Amino acid sequence: MKTIPFRYNDAGLTRYVKASGCAAKLDPSDLKQYVGALLEPNSNLISSLNSNEDAGVFALGDGRNLVQTVDFITPVVGDPYIYGAIAAANSLSDVFAMGGRALTAMNVVGFDKCHFGEEVLAEILAGAKEKIKECGATLVGGHSIETPEMIFGLSVTGIVGDDFWSNNTAQIGDMLILTKPLGTGVMATAIKGEMAGPDEIRAACESMSMLNFYAQNALLPFGVHAATDVTGFGFLGHLSEMLRNDISADIYEASVPVMRAARKYAALGVIPAGTYKNAEFTRNLCSKEADLLLSDAQTSGGLLAAVAQKDAYKALKAVKEAGCEEAEIVGEIKPRGEFAINLI
């Protein structure tokens with residue numbers, strides 16, 4: 001597994017975002033209402049937003065399926081190279097969450113040319129290209145516009161077989177494995193507020209820039225029944241998309257990995273607005289009030305995978321050996337009870 005060269009040359013991106021603000025993210029119900037309604041039935045479209053999936057899956061008719069996704073973020077750190085690497089890892093993740101292989105990627109760029117020189121854009125693109133190459137995909141181009149607020153991400157096309165990982169096909173008795181610690185939303189807020197120290201910034205950047213490609217490859221031999229990646233809707237929000245009317249999830253709150261620094265800053269009230277929105281969305285699904293960090297709005301979070309109980313501990317060991325050292329078993333799928341999510 002590769003790690004990005006950590007040098008943290010702050011180009012002022014995080015202070016810029018702090019000054020200009022950033023757009024709020026739609027919650028799952030918003031997406032279904034405004035975007036999902038636009039989708040039309042197509043026999044080849046076998047997975048999409050309307051089935052709560054992380055990416056669209058389009059059947060080619062020969063046992064192969066295209067996986068398509070697009071994502072972009074505003075700067076979460078001050079170093080443009082690291083920002084590009086994190087944004088790329090975040091965009092590529094949806095393909096890995098489907099059990100797929102990334103084939104091609106295209107840059108999606110909104111650049112503030114009034115405040116930053118072209119060398120900053122060059123660094124962003126270089127950081128992203130390194131992550132694209134790292135998982136064996138090919139950069140094929142992209143599109144850029146000049147914008148008052150900077151954004152960057154990728155449009156990604158991948159491929160997967162008919163046995164792709166859906167997010168709502170978990171089976172009763174499955175164990176839930178989370179491959180990265182939570183807390184990147186809190187840490188991004190602390191970084192933007194110039195509160196985080198160098199070691200804390202390093203740890204957050206290393207987590208966000210780690211490709212879920214490695215966790216996916218480690219999980220593939222174990223017959224994953226369902227999977228998603230934990231990003232902007234937070235752990236509980238993405239977990240809720242994995243559940244159905246016939247199943248619930250028991251979550252072992254104390255076992256959910258959280259960045260140590262994130263706990264410190266959350267206790268000080270350094271919490272992004274999106275986290276509160278996420279918590280409100282899942283409040284009625286939970287058996288009790290959850291730790292707010294379980295709703296933390298993640299950037300490039302880990303995979304959340306449902307694996308048969310007999311394979312769960314072997315799968316966890318493989319994920320840890322693949323470099324996801326803080327991965328943990330965080331819960332179990334149970335028959336539907338009073339609440340969709342039981343916090344124990």
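This is a short walk through one predicted protein model, from its overall make-up to its sheets, helices and salt bridges.

Some ground rules. The model is predicted, so local features need pLDDT of at least 70 and side-chain atom pairs count only at pLDDT 80 or more, while totals for chains, interfaces and linings use all residues. Residues are numbered from 1 along each chain as its sequence is written, and side-chain values use heavy atoms, with hydrogens and water left out.

Overall make-up. The protein has eleven helices and twelve strands. Helices here are DSSP runs of H or I with at least four residues, strands are runs of E with at least two, and both are numbered from the N terminus. Of the 344 residues, 56% are buried. Buried means under 20% relative accessible area, exposed means over 50%, and partly exposed is in between, with a 1.4 Å probe and protein chains only. Now contacts, meaning heavy atoms within 4.5 Å. Take those between residues at least 6 apart in sequence: 85% join residues at least 24 apart.

On to the strands. Two strands pair if DSSP finds at least two bridges between them. Start with strand 6, residues 151–161. Strand 3, residues 64–73, runs antiparallel to strand 6, and ten bridges join them. One pair to look at: T69 has V156 as its bridge partner in strand 6. Strand 4, residues 101–111, is also antiparallel to strand 6, with nine bridges. There, G110 is partnered by I151 of strand 6.

Next, an open sheet. It has six strands, in the order 8-10-7-11-9-12, with mixed pairing. Strand 8 (226–229) and strand 12 (341–343) are the edges; each has a single partner strand, so one side of each is left without a neighbour in the sheet. From one strand to the next, the twist averages 25°. Inside this order, strand 7 (residues 175–178) pairs with strand 11 (residues 328–335). That pairing is antiparallel, over four bridges. L178 has E328 of strand 11 as its bridge partner. Keep E328 in mind.

What lies across these strands? Helix 8, residues 234–242, lies across strands 7, 8, 9, 10, 11 and 12. Helix 8 runs at about 150° to strand 8. Helix 3 lies across strand 8 and strand 10 (303–307), at about 175° to strand 8. For these angles, axes are lines fitted to C-alpha atoms, for helices over the stretch in contact, and values run from 0 to 180 degrees between N-to-C directions.

Stay with helix 3, residues 80–97. Helix 3 packs with helix 6, residues 198–209, at an angle of about 40°, with the axes 8 Å apart. That makes helix 3 oblique to helix 6. The classes: under 35 degrees is roughly parallel, over 145 roughly antiparallel, 65 to 115 roughly perpendicular, and the rest oblique. Which residues of helix 3 and helix 6 make the contact? From helix 3, I82, A85, I86 and A89; from helix 6, C205, M208 and S209. By class, that is six nonpolar, one polar and no charged residues. Ala, Val, Leu, Ile, Met, Phe, Trp, Tyr, Cys and Pro count as nonpolar, Asp, Glu, Lys and Arg as charged, and the others, Gly among them, as polar.

Now helix 5, residues 184–192. Helix 5 is mostly covered, with eight of its nine residues buried. Among them are T184, G185, V186 and K192. Just after helix 5, E194 takes a positive phi of about 55°.

Last, salt bridges: a side-chain nitrogen of Lys or Arg within 4 Å of a carboxyl oxygen of Asp or Glu. The structure holds 13. One joins E134 and K131, with the closest N and O atoms 3.1 Å apart. E134 and K131 are three residues apart in helix 4 (residues 118–134), about one helical turn. Are E134 and K131 buried or exposed? Both are buried.

R244 pairs with D246 at 3.0 Å between the closest N and O atoms. R244 is partly exposed at 27% relative accessibility. D246 is partly exposed too, at 42%.

Back to E328. E328 forms a salt bridge with K320, the closest N and O atoms being 3.6 Å apart. K320 is partly exposed at 28%, and E328 is partly exposed at 30%.

Finally, a network. Salt bridges link K310, D311 and K314.
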